Amino acid sequence: MKYDFDQIIDRRNTNAMSIEGFREYLFDENDQLDFPCADDEFISMWIADMEFASPPEISAALKKRIDHGIFGYSQIFDPKYKSSFLNWTKTRYDWSFEPEHLVTSKGVIPALFSLIEYICLPDEKVLIVTPSYAFFKHAADYNNRELVTSDLLCEAGHYDMDFDDLQKKAADEKVKLCIFCSPHNPTGRVWKEEELKRLGKICLENNVMIISDEIHCDLLRSGKKFTPLAKLFPESDQIITTMAPSKTFNLAGFMLANIIIPNDDLRKTWKEKQLPIDNPLSIVAAQTAYSEGQSWLSELTIYLDENFIFLQKYLQEKLPKAIFQIPDSTYLAWVDVSAYFEKNENLTLFFANQAGVLLEGGNMFVANSDGYIRLNLACPRARLKEGLNRISKAINEK
Ligand SMILES: Cc1ncc(COP(=O)(O)O)c(C=O)c1O
């Protein structure tokens, strides 16, 4: 291994959400809550960023840019940015798009907050599948658009879409937008081509535009194949794709996401309403990631594969009633621990209190998720072991 994923990096005093922002996000800004362990003694397995340093190639490029010394208003003018990202999607997914369809955003979430407003009239509705990344709901709520949910079907830890239900919900003429997570957070499911075609057909035949949030697409388990939804519908301009280097290379703090909007009118609205400024350091980080990050990502993939195998064996041995399948993608494990708890137990609070572990319980994923916990496995194995030891001890001593 050229890169060291075992290295434990102290994130204290770096303004890291992971260790300093948990009270606000996990416990509704509740500063009054007293936990048995000190804030800096928690094992943090909640927010979806990594405990690994980004590729050194990116740090080197950033240092060079910092040495330049001028950080004035910037925007992506250099065509090498678009060509490096296009080359990334072509090489990995055999997918190309028109370069002029690409716009950038301060993140996928800010893009969702804006796009819902541009796409849906005030009385129109947004469709999602559940469990869901909570910000899909927050984006609809923020815009006062009604949310329509379709529960995924789960059998022994494997998730499928309920196409009959989706068909019914998409047929509501007020449903104008589907925000679709592919690969899916929190289950990690990589949807097969036939599933994507079916979902796409249902939406397009019912005049439902789709935002395919593909932010997790680069983080595949070895041997898994990902297909961008828009690749399967080359004639349609009704599918917006969101991708970013943030999850893949641990660059979320740089706040730069790629939004591919093929519809000319919508893209025009976007350009009229969005501030056309990018952070000069973010541009360097993202461009370097796409042009030089591949070998780091290959090694990360192996490390994450092994973390998931470790988790699976650990659960079989220490928590045999937990239901878990290694996900096709993401660094997030979605574990059904309902056998160990009463219904409605607040699992986020339980594990913070009893285990000293910060994680997201099922109640944080909109619906269809009670009794689950989501664990972030993008951490050195020693941290993972410590986190799991604490989790199993807390459950087994209950
Ligand atoms: C599905 C999904 N979309 C978007 C985001 C966040 O995107 P951004 O940081 O670019 O706003 C996350 C982060 O966890 C996510 O899981």
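Here are some friendly notes on this predicted model, taken point by point.

1. Two domains. The domain assignment splits the protein into domain 1, made of residues 17-56 + 295-396, and domain 2, which covers 70-292. Domain 1 is therefore written as two stretches of sequence, and the numbering of domain 2 falls between them. The C-alpha centres of the two domains are 25 Å apart.

2. Where the domains touch. Domain 1 puts 29 residues into the contact, and domain 2 puts in 32. On the domain 1 side, two elements give two or more residues each: α12 (294-318) and β11 (332-336). Of these, α12 gives the most, with 4 residues. If you colour that side of domain 1 by residue class, you will find 17 nonpolar, 7 polar and 5 charged residues.

3. Around the ligand. A shell of 13 residues surrounds the ligand, and those that come nearest are Ala 48, Gly 107, Val 108, Ile 109 and Asn 185. By class, the shell holds 9 nonpolar residues, 3 polar ones and 1 charged one. Asn 185 is worth keeping in mind, as this residue comes up again in point 6.

4. A helix pair. Helix α3 (residues 56-68) and helix α11 (residues 280-292) have axes that come within 9 Å and cross at roughly 145 degrees. The crossing of α3 past α11 is right-handed. From α3, the residues that take part are Glu 57, Ile 58, Ala 61, Leu 62 and Arg 65. Their partners in α11 are Pro 280, Leu 281, Val 284, Ala 285, Thr 288, Ala 289 and Glu 292. This contact comprises 8 nonpolar, 1 polar and 3 charged residues.

5. Trp 296. Is this tryptophan buried or exposed? Trp 296 counts as buried because 22 C-beta neighbours lie inside 10 Å, and 20 or more is the mark for that class. The residue sits in helix α12, the element that gives the most residues to the domain 1 side of the domain contact. Setting aside neighbours within four places in sequence, Trp 296 is in contact with Tyr 3 and Pro 55. There is also a long-range pairing to look at: Trp 296 and Glu 57 are 239 residues apart in sequence, while their C-alpha atoms are 9.1 Å apart in space. Glu 57 is one of the α3 residues that meet α11.

6. Two cis peptide bonds. Which residues does each of them join? One joins Thr 130 and Pro 131, with omega at about 5 degrees. Pro 131 is in the loop between β3 (125-130) and α6 (134-142). The other joins Asn 185 and Pro 186, with omega at about 15 degrees, and Pro 186 is in the loop between β7 (175-181) and α8 (193-205). Asn 185 is among the residues that come nearest to the ligand.

7. Two asparagines with positive phi. Asn 144 has phi near 55 degrees, a positive value in a residue other than glycine. Asn 144 lies in the loop between α6 and β4 (146-151), and counts as exposed because it has 11 C-beta neighbours inside 10 Å. Asn 368 has phi near 60 degrees, again positive in a residue other than glycine. Its place is the loop between β13 (360-361) and β14 (372-376). With 18 other C-beta atoms within 10 Å, Asn 368 is partly exposed.

Notes:
Residues are numbered from 1 along each chain as its sequence is written. This is a predicted model: local features need pLDDT of at least 70, side-chain atom pairs count only at pLDDT 80 or more; totals for chains, interfaces and linings use all residues. Two residues are in contact if their C-beta atoms, placed from the backbone, lie within 7 Å. Ala, Val, Leu, Ile, Met, Phe, Trp, Tyr, Cys and Pro count as nonpolar, Asp, Glu, Lys and Arg as charged, and the others, Gly among them, as polar. A residue is near a molecule or strand if its C-beta atom, placed from the backbone, lies within 6 Å of it. Axes are lines fitted to C-alpha atoms, for helices over the stretch in contact, and angles run from 0 to 180 degrees between N-to-C directions. A crossing is left-handed if the near helix is turned anticlockwise from the far one by less than a right angle, and right-handed if clockwise. A residue is buried if 20 or more other C-beta atoms lie within 10 Å of its own, exposed if 12 or fewer, and partly exposed in between; C-beta atoms are placed from the backbone.
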